[in-house]
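Got the viewer open? Let's take a walk through the model, one selection at a time.

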Amino acid sequence: MSTSSSVCIGIVGVGRMGANMARRLVEKGFAVTAVYDVRRAAATELATELKCAAPEKLAEVTAAADVILTIVTDDAAMRSIFAATGDSLLTGAKDRTFINFATVSPEVYLEVEAAANKIGAAAIEACMASSITQARQGTLYLILAGDSAVVEKTTPILEALSSARRHVGPTGRAAQVKALVNMVMNINTAGLAEGLGIGDALGLDLTVLREIFSQTGANSRVLETDGADMQAREHDCYFSAAHAAKDSGIAVHLAASKGIRVPLAEATLDQYRLMIEKGLGELDKSGVAELTFKGRGQK
């Protein structure tokens, strides 16, 4: 994989992240030859923009590419695109390489790697600890796992998409790390919403409160990214509450499998599940403030 132009790339899952990753790769001189999404309109619109194919079948994506990037929503979607029967990315996939970016359960990544290796293909994890803006700018933080030789082979693509990368071990490890990253982030987000919600109820100046938070032990990355949005009720989606619930759920499951008690993670998971129940699941994770600020529709 010596030059960008010598590799044909297919992309499965062209939502907010996948579409911007595709744009970034084209901008960097890579040949994106096929894009696919279960939402046909999303795929065809992006294909028109990038002047590539938008196959109706997964197997056609595999046929059109040397390397296939997948950015799907959950375990079910991941298992579906790598199905053992029917339309599947595994059809005709000998010698293909899959780079899988989704936050899904570690066991699913192990299943995908085994299925790919069985037919002579390769698969690695590249879990993203970043959001939409970073996808477009090529400044993602990637948590990598899997065969180090495959990671090395795909380095030009990974470099084009990221400003930092960390290989954390064999397949499954990146998914574990990413779940914990998002678990802690979600706890911080819910905690910030409660602090600002109480401050609002007390009649404090939230702009001043946020500035004081930033200079003390209350500071956090989510204060920078979500604090003003919580105050202004601006919850344009960069990382949805539904995804927050999914990822915290993965982390809680991992904790249970090791006999670890995680009451804060469980309480945060309950909050994001409540958002989904209230029809707020597609708001940004900052929308958890809608449950904590007085008069905004709390429980």
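Start with a definition: on a 1 Å grid over the protein atoms alone, a cavity is a set of points where a 1.4 Å probe fits but cannot get out, and its lining residues have an atom within 4 Å of a point. You're looking at a predicted model, where local features need pLDDT of at least 70 and side-chain atom pairs count only at pLDDT 80 or more, while totals for chains, interfaces and linings use all residues. Residues are numbered from 1 along each chain as its sequence is written, and side-chain values use heavy atoms, with hydrogens and water left out.

**Stop 1: the cavity**

Select N100, Y109, V112, E113, A123, I124, E125 and T171, which line the largest cavity. Its volume is about 40 Å³, a volume being the space filled by probe spheres set on grid points that are joined across faces, edges and corners. The count comes to one cavity of 30 Å³ or more. Which elements give two or more residues to the lining? They are α5 and β5. Helices here are DSSP runs of H or I with at least four residues, strands are runs of E with at least two, and both are numbered from the N terminus.

**Stop 2: the strands**

Stay with E125 and look across to β6, where A145 stands opposite. Now select all of β5 (residues 122-128): four bridges join this strand to β6, and the two run antiparallel. Strands pair if DSSP finds at least two bridges between them. Moving on to β7 (residues 162-167), you'll find five bridges joining it to β6, this time in a parallel arrangement. To see that side, pick Y141, which stands opposite A164 in β7. Is β6 itself (residues 140-145) mostly covered or mostly open? Mostly covered: five of its six residues are buried, that is, under 20% relative accessible area, with exposed meaning over 50% and partly exposed in between (1.4 Å probe, protein chains only).

**Stop 3: helix α12**

Select residues 241-257. Helix α12 has 17 residues and reaches 24 Å from its first C-alpha to its last, close to the 24 Å expected at 1.5 Å a residue; the expected span is 1.5 Å times one less than the number of residues. Colour its buried residues, among them A241, A244, D247, S248, I250, V252 and L254. Show the neighbours too: what covers these buried residues includes α5 (106-118), α9 (173-201) and α13 (263-277). Contact here means heavy atoms within 4.5 Å. After the helix comes G259, with a positive phi near 70°.

**Stop 4: salt bridges**

A salt bridge is a side-chain nitrogen of Lys or Arg within 4 Å of a carboxyl oxygen of Asp or Glu, and the whole structure has twelve of them. Try R136 and E27, whose closest N and O atoms are 3.1 Å apart. R136 lies in helix α6 (residues 132-137) and E27 in helix α1 (residues 16-27), so the pair ties together parts that are 109 residues apart in sequence. R136 is partly exposed, at 29% relative accessible area.

Next, zoom to D226 and K285, with closest N and O atoms 3.0 Å apart. D226 sits in helix α11 (residues 221-232) and K285 in the segment after α13, 59 residues apart. Are these two buried or exposed? Both D226 and K285 are buried. Back at R136, add R24 to the selection: salt bridges that share partners join R24, E27 and R136 into one network.

Last, find K94 and D95, whose side chains meet in a salt bridge at 3.6 Å, N to O. K94 is exposed at 53% relative accessibility, and D95 is exposed at 56%.

Key. On a 1 Å grid over the protein atoms alone, a cavity is a set of points where a 1.4 Å probe fits but cannot get out, and a pocket is an open set with protein on both sides within 12 Å along at least five of seven lines; lining residues have an atom within 4 Å of a point.
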